[in-house]
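Welcome! Here is a short briefing to read alongside the structure, with a few residues and helices to look for as you go.

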Amino acid sequence: MIIGGSASQKLAAKVAKELDDYLCPVETRKFPDGERYIRFKGDIEKEVVVVQSTGYPQDENLMELFFILKNLKSLGAEEIKVVIPYFGYGRQELRFKSGEAISASITAELIEFTGATEVFSVNLHENKVADFFNIPVKELSAMPLIADHVGQVLDDPVLIAPDKGALSHAQEISNILDCPCDHMEKTRLSPDTVETRVKSLDVEGHQAVIIDDIISTGGTIVNASNILKEHGAQSVTVSCVHPVLVEDALLKIFATGVEDVLATDTLSSEVSAITVAPLIADALK
Ligand code: R5P
């Protein structure tokens, strides 16, 4: 049986459909003071799959996930597979400055403590997050799905990673599409300011596609798109796995002349056109 958390209702329904499994109705609401209420409206089976992304509002979605897991356990579920398509708090895997909380580690510990027996996630920002768990963790890659989509809409793409960290993603797609790929150099100056440089880029007259795992404030993509235009790209398309999209991120990106933004539905957004449901369903089979 599949339980969908309130952050991933449509995706949970798609996964249930792919697997031809029962989608359990769940009542989730808030009391007038903001506290959360959860109730499963079906009998709980021994094997359960929970689908819940933990993006914004992270704390609320996590608390709901903890309630779901503990409640499942106390109602007799024995095997609880948790699918967290976008893993919130997954970016602080180290104590960079003394006294900092290692939020990724604490989050992992709580997910395990509340009852998860196996975790599935899509393109973790930091692979180290998987090591914080003592239960099996399966990290899935959405790059083949993105490759498929890019291949359908563009016939001559050149893939560009906006920083070195995204290069492996661009390479994974370029291997599938058999097209060139390159990367830029990025330095983050503050949470919402980045500086981007290039050594050499051959995109003149080509359909450039920027590939990243996350679009948050959009600063990374705005810089990359402007540089690609300066280097004579015929068009610039953007693709990412997790459309976090803080405030007017999309507007800022489109204002640079970007043709389209193609993202997956690990997080719901107006550009979440690529569904990861088949990827998750395959992994659960
Ligand atoms: C950074 O390492 C990530 O891969 C993304 O490039 C980053 O999270 C994007 O953030 P923003 O949209 O705020 O520039």
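Met-143 is part of helix α4. The model you are viewing is a predicted one. Below, we start from this residue and then visit three helices.

**Met-143 and its surroundings**
- Is Met-143 buried or exposed? Its relative accessibility is 0%, and since buried means under 20%, Met-143 counts as buried.
- Leaving aside residues up to four places away in sequence, Met-143 touches Asn-123, His-169, Glu-172, Ile-173 and Val-241.
- Try finding Cys-240 as well: Met-143 and Cys-240 are 97 residues apart along the chain, and their C-alpha atoms are separated by 9.0 Å.

**Helix α5: one buried face**
- Two of the names you have just met, His-169 and Ile-173, come up again here, as buried residues of helix α5 (residues 167-177), together with Leu-167, Ala-170 and Ser-174.
- Looking down the axis of α5, you would find these buried residues within an arc of 160 degrees, so they line one face of the helix.
- Which elements cover the buried residues of α5? Among them are helix α4 (143-153) and the strands β9 (157-161), β10 (181-183) and β13 (207-215).
- Just after α5 comes Asp-178, which has a positive phi of about 55 degrees.

**Helix α8: largely enclosed**
- How many of the eight residues of α8 are buried? Six are, so the helix is largely enclosed by the rest of the structure.
- You can pick out these buried residues by name: Ala-277, Leu-279, Ile-280, Ala-281, Ala-283 and Leu-284.
- The cover over them includes the helices α1 and α4, along with β5 (47-51), β6 (79-84), β7 (118-122) and β8 (137-140).

**Where α1 meets α8**
- Helix α1 (residues 9-19) packs against helix α8 (residues 277-284) at an angle of about 55 degrees, and their axes are 9 Å apart.
- Because of that angle, α1 is oblique to α8.
- Is the crossing of α1 and α8 left-handed or right-handed? It is right-handed.
- On the α1 side, the contact involves Leu-11, Lys-14, Val-15, Glu-18 and Leu-19; on the α8 side, Ala-277, Pro-278, Ile-280, Ala-281 and Leu-284 take part.
- Sorted by class, this contact of α1 with α8 has eight nonpolar residues, two charged ones and no polar ones.

Terms used. Residues numbered from 1 in each chain as written. Predicted model: local features only at pLDDT ≥ 70, side-chain atom pairs only at ≥ 80, totals over all residues. Heavy atoms only, no water. Axes fitted to C-alpha atoms, helices over the stretch in contact; angles between N-to-C directions. Helix = DSSP H or I, 4+ residues; strand = E, 2+ residues; numbered from the N terminus. Parallel < 35°, antiparallel > 145°, perpendicular 65-115°, else oblique. Left-handed = near helix turned anticlockwise from the far one by under 90°. Contact = heavy atoms within 4.5 Å. Nonpolar A, V, L, I, M, F, W, Y, C, P; charged D, E, K, R; others polar. Buried < 20%, exposed > 50% of the residue type's maximum accessible area, 1.4 Å probe, protein only. Arc of directions from axis to C-beta.
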